[in-house]
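This briefing covers a few features of one structure, grouped by topic. Please look over the sequence and the model before reading on.

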Amino acid sequence: MDGTETRQRRAGELGLRYTLSTGRLPRASEDGPLSVPESQRVSPKPLGTELSRETALSIGLQHWPVFMEVKDLLTLVPPLVGLKGNLEMTLASRLSTAANTGQMDDPREQHGVISSNLALIQVQATVVGFLAPLAALLLGALSTGELDFEKVKLLCASSVITAFLAAFALGMLMVCIVIGARKLGVNPDNIATPIAASLGDLITLSILAFFSSFFYKHKAEQQSTSGLECSDTGTVSVSALGPAPYHPGSCLPPPIFNSMGDSQSSYSRYLTPLVCIGLMALTPVWVLIARKNPPIVKILKFGWFPIILAMVISSFGGLILNKTISKEQYKGMAIFTPIICGVGGNLVAIQTSRISTYLHMWSTPGVLPLWMKKFWPNPCSTFCTSEINSMSARVLLFLVIPGHLIFLYVIYLVEGHLVPNSKTFVVFYLLAGLIQVTILLYLAEVMVRLTWHQALDPDNHCIPYLTGLGDLLGTGLLALCFLISWLLSEAELDGILEPASGPP
């Protein structure tokens, strides 16, 4: 028996998590492939489909076949989930600032502020929801070299309706929370922003999964009415080129198409374009409502750059996830990604909203208070002074470790077999979360000062950038944690098994 075989055998006997690769692809087991019901049996697919299936399983979407078949939907997830930072958390911060500065005390003024802000995020959600699938398709086309027009329609319709409905639902929820907190005498900055971030992921992913599956089902029905053809092996495949010609002795009866099937095919064919056109057609209505509030008009004209740039930054975080998720050393990374990105985004959004409210109450746009004159403050002054924003930063920083430990405990209870279980990984993961939040809190202090000095509202310009950077930092540091943990495990495995590779 050679050294490599001995190392592989001993690794299995020791019950270690990682085994050494011999440089070949895994072979099928002796018992053959897993048995699958005949109704679910499909023809072999390229490696990319299997990787997308693993990703879908990892992020909890295994019950939605559309995520397994249309892998570009996974690239679409980070930009759409990032809308919570670009739109909903920004809305929550604006409404909290308005409530704390007394702009919502008068019922008539309150109605104007609420209606214009809700109309604004509907405009922003519709536009960003249309741009996000284009970015996802561009990344997919660059990696595969092909572009499917049917996939374009599916992704655009799913993205636009998801952004539209998620923005409406979360916007109404933020309005209720801010008004309720104001009546109860609670600071909305401490409640509305984290709730928007927490519920944003759940609502957005739920809507995306439901409607993408709905459109995918209608697309399949359209192809089924277009025709079926039978391969030499007896496998029935769908052809979008029209009904297959009937040959005597074939495995299928002569196809029968009637007017009902043709009308259903036409309905399915035009469903996704009609959804996109219908929601885009509502944009002028939202613009007219938003224009009733002068500050919102300024955001409509000049507030697009932070949102679009934040979407691009979040897409790079999604690109890191897509490039690493299929590798063994990063197994389970998709489970931790929403957590580390969400925690960082929540905490930095709270701090940004608090600093913005502080400046709105004690200063005027374009003029910084005397104790905040430095654009690049000393990090010690950000975390270690008795100033109110420094105390808030310390409290938020102290929440990182306990929060991540709670999430880790829940993950190991639910999905313990899919994630690393070493103490080394836990240490590096907590360190990564601490580094991420420390950097974000310091950048929040710097960016709020810079934007306020330029007479810009930090609520509209800082939170999108910071949540996008939080996604990028969180995904990158998490990938580094998995890589370091895997390398240390491999080094430990080599040290244990090295004597076994020598002569007996």
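The expected span of a helix is 1.5 Å times one less than its number of residues. The model shown here is predicted. The points below apply that span to two helices, then turn to a nonpolar surface patch and to a loop.

**Helix 16**

- Helix 16 covers residues 400-415, and its 16 residues should span 22 Å at 1.5 Å a residue; the end C-alpha atoms are 22 Å apart, which agrees.
- V400, H404, L408 and I411 are the residues to note as buried in helix 16.
- Viewed down the axis of helix 16, the buried residues fall within an arc of 65 degrees, so they line one face of the helix.
- I406, Y409, L413 and V414 are exposed, on the other side of helix 16.
- The cover over the buried residues of helix 16 includes helix 13 (333-362), helix 15 (388-398) and helix 17 (423-453).

**Helix 13**

- Helix 13, which is among the elements covering the buried residues of helix 16, has 30 residues that should span 44 Å at 1.5 Å a residue.
- The end C-alpha atoms of helix 13 are 44 Å apart, in agreement with that expected span.
- A residue counts as buried when its relative accessible area is under 20%.
- In helix 13, 25 of the 30 residues are buried, so this helix is largely enclosed by the rest of the structure.

**Loop after helix 13**

- P365 sits in the loop between helix 13 and helix 14 (379-383).
- With a relative accessible area of 53%, P365 is exposed, the cut-off for exposed being over 50%.
- P365 touches W452 and A455, leaving aside residues up to four places away in sequence.
- P365 and A455 are 90 residues apart along the chain, yet their C-alpha atoms are separated by 4.5 Å.

**Nonpolar surface patch**

- F305, I308, L309, V312, F316 and L472 make a nonpolar surface patch of about 490 Å².
- Helix 12 (residues 304-324) gives the most to this patch, with five residues.
- L309 lies in helix 12 and is partly exposed, with a relative accessible area of 30%.
- V312 is also found in helix 12 and is partly exposed, with a relative accessible area of 34%.
- V312 and A135 are 177 residues apart in sequence, while their C-alpha atoms are 8.2 Å apart in space.

How values were computed. Residues numbered from 1 in each chain as written. Predicted model: local features only at pLDDT ≥ 70, side-chain atom pairs only at ≥ 80, totals over all residues. Heavy atoms only, no water. Patch = residues over 30% accessible without salt bridge, like charges linked within 9 Å, V, L, I, M, F, W, Y side chains within 5 Å. Areas by Shrake-Rupley, 256 points an atom, 1.4 Å probe, with all protein chains shown as cover. Salt bridge = Lys/Arg side-chain N within 4 Å of Asp/Glu carboxyl O. Helix = DSSP H or I, 4+ residues; strand = E, 2+ residues; numbered from the N terminus. Buried < 20%, exposed > 50% of the residue type's maximum accessible area, 1.4 Å probe, protein only. Arc of directions from axis to C-beta. Contact = heavy atoms within 4.5 Å.
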